[in-house]
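Thanks for coming, everyone. I'd like to walk through one model today, strands and cores. Let me put it on the screen.

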Amino acid sequence: MDVAPYDRDVLRRLADEWAEAADDDAHAEAASSWQRLNDLQPARAMVWINEMPWHEMDVNGELTLRCEEPFCREQERIMRQTLYQWRHLPGDMVLHPRYDLPHVIHDTGLGIDEDVDIAITDATSAVVSRRFHVQIERPEDVDKIQAPVVTVDREASAARESALAGAIGDILPVALRGAPGFWFAPWDELIRWWGVSEAMTDLVDRPELVHAAMNRLTDAYLARLDQYEALNLLSRNDDNTRIGSGGYGYTAELPATGFDAAHPRPRDLWGSATAQIFSDVSPRMHLEFALQYERRWLDRWGLTYYGCCEPLHLKLGILQTVPNLRKVSMSPWANLESAVAQVGGRYVLSCKPNPAIFCRDDWHPGRARAEIEAILDQTQGCAVELIMKDISTVRYQPQRLWEWAQIAREAATAHAR
């Protein structure tokens, strides 16, 4: 691979900006604070923003891509978005003085792709509505779920690394990186093949079919994980890697005893799981049809994160059976008072303020501050991270999100424990 001169110039300018930004002392301070939080030591609430409507965020061409070759354009996109976040809405963002480039990995998939009708309301947005066509209806349909085959193209990986390092490596070191953990959400997959109402009904009407599908799907995920480990494609995530649906993974408790830097194992990393479609499923059924299978996955990792959009204050009793659980998602629909009463300081509460505040006709900073302070007041004395995510729109006014980030950081500092 060769990087054309024009693309090289674009990437070098961005690499210069990245290296300069990463030299800020604030990164080391934030990394230390994230570690204290994740180790359940006294720390202020940490703030991080993710899952933004990037198509609405451009200001003065900051996100406009200029490279021509697709590989370069993808690296440019990552660089521009990272630098944009650091300039405008950093929260407690941490930027390392290096550029991680993933290996070229191929995966044959799980045997089924969603068959779906899509409704689009904004042609520039990746957020769409879906109606799923049922593909699992009979016991024999479970056999459609297949264990994936994972391969790595090391020659292509090395070529990409060499090309990018040749363009920017003297400014920003380039390093090949494996998979820093996985998002284990088997129910997110299953409902795409089964249908939402159909799957929920079959929890009662055909539980044996649901168990067969979950068992087979969990086996497939574990087979994938085993291949990643055997191919040495895992990478540590106790750093500025997003963990589950929350914030960074800094911790003194990873990697595990016996760690070999040349061959990371699942137990050296954070793992995660969620069954967010089970929001209105009872704890007993959640345990039977989700958590007992998720435990097979979670048991492989050193520390774990659970949850996403489901109101998990209702499920903390069963979640406490996960021995390596460290962080629990508290969605906008969670009862924080109930959660605090049940778990106190035993877990990091990954609190998710409601992103609907950005959808209104008018932006109300005072309302945003009140919502954040209410969360911090209810969780006083607990380990807390404030994660703003699932932001479908800012009404093409990115300054709303910039201001929210500043408000959240100010409130977290004022409520420091």
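One definition before we start: buried means under 20% relative accessible area, and exposed means over 50%. Keep in mind that this is a predicted model.

Let's begin with strand β8, residues 270-273. Which of its faces are covered? Both of them. Trp270 and Ser272 sit on one side, Gly271 and Ala273 on the other, and all four are buried.

Now its partner. β8 pairs with strand β9, residues 303-306, in the parallel sense, over 4 bridges. Look for Trp270 on β8: opposite this residue, in β9, stands Leu303. Between the two strands comes helix α8, residues 283-298, and together β8, α8 and β9 make a right-handed β-α-β unit.

Zoom out to the sheet. It is open, it has 6 strands, and the pairing is parallel. The order is β1-β12-β11-β10-β9-β8. Which strands are at the edges? β1, residues 46-49, and β8; each pairs on one side only. On average, neighbouring strands here are turned by 20° against each other, direction ignored.

Another pair in that sheet: strand β11, residues 348-351, and strand β12, residues 383-388. They run parallel and are joined by 4 bridges. Ser350 has Glu385 in β12 as its bridge partner.

Next, a contrast with β8. In a regular strand, side chains alternate between the two faces of the sheet. Strand β2, residues 99-102, shows that alternation. Tyr99 and Leu101 point to one face and are buried. Asp100 and Pro102 point to the other face and are not buried. So where β8 has both faces covered, β2 has buried side chains on one face and not on the other.

β2 has a parallel partner too: strand β7, residues 174-177, again over 4 bridges. Asp100 stands opposite Ala175 in β7.

Now the cores. How many residues are in the largest nonpolar core? It has 88. Trp187, Leu190, Leu401 and Trp404 have the most contacts inside it. Helix α7, residues 207-230, gives the most to this core, with 10 residues. A second, separate core holds 23 residues, including Leu14, Met79, Leu83 and Leu101. Leu101 we have met already, as a buried residue of β2.

Last stop, Trp187. What does Trp187 touch, leaving out residues up to four places away in sequence? Among its contacts are Ala199, Met200, Leu203, Val210 and Met214. Ala275, Ile277, Phe278, Phe289 and Ala290 are touched as well.

That's the tour. Over to you.

Notes:
Residues are numbered from 1 along each chain as its sequence is written. This is a predicted model: local features need pLDDT of at least 70, side-chain atom pairs count only at pLDDT 80 or more; totals for chains, interfaces and linings use all residues. Side-chain values use heavy atoms; hydrogens and water are left out. A nonpolar core is a set of buried Ala, Val, Leu, Ile, Met, Phe, Trp, Tyr and Cys residues joined through side-chain atoms within 4.5 Å. Buried means under 20% relative accessible area, exposed over 50%, partly exposed in between (1.4 Å probe, protein chains only). Contact means heavy atoms within 4.5 Å. Two strands pair if DSSP finds at least two bridges between them. A crossover is right-handed if, with the strands pointing away from the viewer, the path from the first strand over the helix to the second runs clockwise. Axes are lines fitted to C-alpha atoms, for helices over the stretch in contact, and angles run from 0 to 180 degrees between N-to-C directions.
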